[in-house]
Amino acid sequence: MPVVDEDGAPFWEYAARGELRVQACAAPACGETRFPPRPCCPRCGSFESRWRKMSGRGRIWSFVVPHPPLLPAYAEQAPYNAVLVELMEAPHIRQAGNVVAGPDAPLNSVDPARLRIGAPVRAVFCPVAPGVSLVRWLLER
């Protein structure tokens, strides 16, 4: 389960509603997007921020297929993937997740041989607890 802190709480609230949003500087001359969320803008130092809606589209920037020994909770799902996705509207932002066959599909639902650096993906949301959804990724065709 994610650990929700004050800076990241809005991210998880939007994800629970099926929206992918990232923090952006609200200073008029800046607007820099940032992830993970933090109190001030790394570009201009402003403490003003807002949450910008993303399309949920991106590309696989990197991926791994974990090999044993694995954490016990994940061992029976191997082989599965862990990806970094570069967001289309904010290519300097990369979000970690998994490529799956559908929002509620298991982590091993996509053959790792299908993954390629640069492959287009789109976000889907998997509810894991009341009010908490994880961002996962589907391969675009």
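Me: Is Cys25 buried or exposed, and what is its relative accessible area?

Reply: This is a predicted model, in which local features need pLDDT of at least 70, side-chain atom pairs count only at pLDDT 80 or more, and totals for chains, interfaces and linings use all residues. Residues are numbered from 1 along each chain as its sequence is written, and side-chain values use heavy atoms, without hydrogens or water. Cys25 is buried, a class set at under 20% relative accessible area, with exposed over 50% and partly exposed in between (1.4 Å probe, protein chains only). The relative accessible area of Cys25 is 1%.

Me: Which cysteine has the sulfur nearest to that of Cys25?

Reply: A search of the whole structure for disulfides (pairs of cysteine sulfur atoms within 2.5 Å) finds 0. Cys25 is accordingly in no disulfide. At 3.6 Å, the nearest cysteine sulfur belongs to Cys44.

Me: Why is Cys41 not bonded to Cys30, and how far away is the sulfur of Cys30?

Reply: Cys41 is buried, at 2% relative accessibility. The closest cysteine sulfur to that of Cys41 is in Cys30, and the two are too far apart for a bond because the separation is 3.6 Å.

Me: Which strands stand at the edges of the open sheet of 3 strands?

Reply: The strands, which are DSSP runs of E of at least two residues numbered from the N terminus, pair antiparallel in the order β2-β1-β3. Pairing requires at least two DSSP bridges, and 2 bridges join β1 (residues 21-25) to β2, with Ala24 opposite Thr33. One side of each edge strand is left without a neighbour in the sheet, because each has a single partner; these strands are β2 and β3.

Me: Where is Pro36 found, and what is the omega of the peptide bond from Phe35 to Pro36?

Reply: Pro36 is located in the loop between β2 (33-34) and β3 (49-53). The bond from Phe35 to Pro36 is cis, with omega near 5°.

Me: What is the omega of the peptide bond from Ala78 to Pro79?

Reply: Pro79 belongs to the loop between α2 (72-75) and β5 (82-87), where a helix is a DSSP run of H or I of at least four residues. The bond from Ala78 to Pro79 is cis, with omega near 0°.
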